[in-house]
Each structure stands twice: as C-alpha cells, then as structure tokens.
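Q: Can you walk me through this protein? Short answers are fine.

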Amino acid sequence: MIRSLSIAAVAASLSACALLSSPDPVQMYRFGAAMEPPRGGEAAGAVDVAVRRVTFPESAEGDRILTITGTEAAYLKGARWVEPADALFASALQGAVASRGGRIRLIGARDLAQGDVALDVDASTFETRYAAPGAAPVVVMTVRARLVGLPDREIEAERTFTVQTPATDNRVSAIVEAYDAGSRDLAGQIAGWIESTARP
C-alpha cells in the first residue's frame, strides 16, 4: 500500500512538472516584403526569366536566424522567420523586379512559360555577424546570380553581390530591421543587374 502511494505521488509530481514547463515563446519575423508592382503593359524587348529555386547554405536556409561570433555559430533564441529564409528572399527578389516596371518578368516553376533565360541564385552567406560578444552585429549577405541561356543552357552572365548592413543595436528587432533593409538592397541590386543584362 505504501509503495503504491509513493508511486502515485511521484506520478502526480511529474505530471505537475509537465504542466508547469511550457516551451519558450517564439516571436515570428519576416524580411523583404514584396513591393506593389507598378506594371502597366509589357515593355518593348520584354524578357521572361525562369527562376530556379533560390539556394541558401544549410545553416541559414530554414526559419532560424543564424549568428556568427568568431568561430562559433548559434541561432537567435526565441526568434524565427515566418517562412524559410530562402523563400522569403525569393519573394523579395520577385517584388524588386516587379516594382521596377521594366522589361523583365520573373516566372516560377508553376508558370507554363519556358522563359528566355534561367536565373540561378545561390547564397553563400546569410548571417548575423558579431565582431565581439554583445556588440551590435552586422548582417552579411553574399549571393551569386547567374543567367543561363535557354534552351542551350550556356552561362550568359554571372555576378556576385555582397551587402553588409549594420544593426543599430544588439536587439532582435534591430537585427531583423537590418535583415529587412539588407535584403531589399540586395534584391534591388540583383533586379537592376538582370534588367541591364538579360537579353531575349
């Protein structure tokens, strides 16, 4: 009888602990929200650019926010992107191209059109970089963009873009603002390069 009571007491205490221990709250963020396209009719010499999947390093492609301090890597606690970072950046790029109102139209995998050229976007760096623990970090993004002719698949142009955006403070909100500003800048640079480079 005493044994059964002690087992019941242990079980009750464990269930109470389970009820009391809840997961840490996670705040969701986004960056590079798509801008409203000002497009009217199709411009002369329009080019359809087929976008293949934007690729990110495995450490940064999910919904966690990567930080680097010297040789140490970690993720920001209690903060996540609303979507995987590569998907958010693909949306930012689509919005940057559309907002220019130029002759470039990005088409995705779900569109039926073949496209005149294909665009590969590979990010090698997409991280929050600290010079010292606790300091205000710098958001660093490095992306290689490549235009590939269709259907022959020959490389027509290639360029690497790097954007470094200092956060105003070592707070999550300030870091997210740096990601937002940096991704808009980077997407805008890539959009301008595509427009000046792609040929029908």
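A: Start with pLDDT, the predictor's confidence in each residue, from 0 to 100. The protein has a mean pLDDT of 84, and 80% of its residues reach 70 or more.

Q: What kind of model is this, and how are residues numbered?
A: It is a predicted model: local features need pLDDT of at least 70, side-chain atom pairs count only at pLDDT 80 or more, and totals for chains, interfaces and linings use all residues. Numbering starts from 1 along each chain as its sequence is written, and side-chain values use heavy atoms, with hydrogens and water left out.

Q: How many helices and strands are there?
A: Three helices and eight strands. Both are DSSP runs, numbered from the N terminus: helices are H or I with at least four residues, strands are E with at least two. Along the sequence the pattern reads α-β-β-β-β-α-β-β-β-β-α.

Q: Which element has the lowest mean pLDDT?
A: Helix H1 (residues 2-20), at 46. Strand S3 has the highest, at 97.

Q: What else about residues 1-20?
A: Their pLDDT stays under 50. The model gives them zero contacts beyond four places in sequence. A contact means heavy atoms within 4.5 Å.

Q: And contacts across the protein, what share is long-range?
A: Take the contacts with a separation of 6 or more: residues 24 or more positions apart account for 71% of them.

Q: New topic. Is strand S6 mostly covered or uncovered?
A: Mostly covered. S6 spans residues 117-130, and eleven of its 14 residues are buried. Buried means under 20% relative accessible area, exposed over 50%, partly exposed in between (1.4 Å probe, protein chains only). For the protein, 38% of the 200 residues count as buried.

Q: Which strands does S6 pair with?
A: S2, S3 and S7 are among its partners. Two strands pair if DSSP finds at least two bridges between them. S2 (residues 47-51) runs parallel to S6, with three bridges. S3 (residues 64-69) is also parallel to S6, again with three bridges. S7 (residues 138-149) runs antiparallel to S6, joined by twelve bridges.

Q: Which residues face each other there?
A: Ala50 has Ala118 in S6 as its bridge partner. Thr67 stands opposite Thr128 in S6. Asp120 has Arg146 in S7 as its partner.

Q: How many aromatic pairs are there?
A: Eight. Rings of Phe, Tyr and Trp (its six-membered ring) pair if their centres lie within 6.5 Å; planes under 30 degrees apart count as stacked, over 60 as edge-to-face and the rest as tilted.

Q: Why is the pair Phe31 and Tyr179 tilted?
A: Their ring centres are 6.4 Å apart and the planes are at 35°, so the pair counts as tilted. This pair links distant parts of the chain, 148 residues apart. Phe31 is in the loop between strand S1 (27-29) and S2, and Tyr179 is in helix H3 (residues 172-197).

Q: Are those two buried or exposed?
A: Buried. Phe31 has 0% relative accessibility, and Tyr179 has a relative accessible area of 1%.

Q: What about Phe126 and Tyr179?
A: They also form a tilted aromatic pair, 5.4 Å centre to centre with 45° between the planes. Phe126 sits in strand S6 and Tyr179 in helix H3, 53 residues apart. Both are buried.

Q: Which residues form the aromatic cluster?
A: Phe31, Phe56, Trp81, Phe89, Phe126 and Tyr179 form one cluster.
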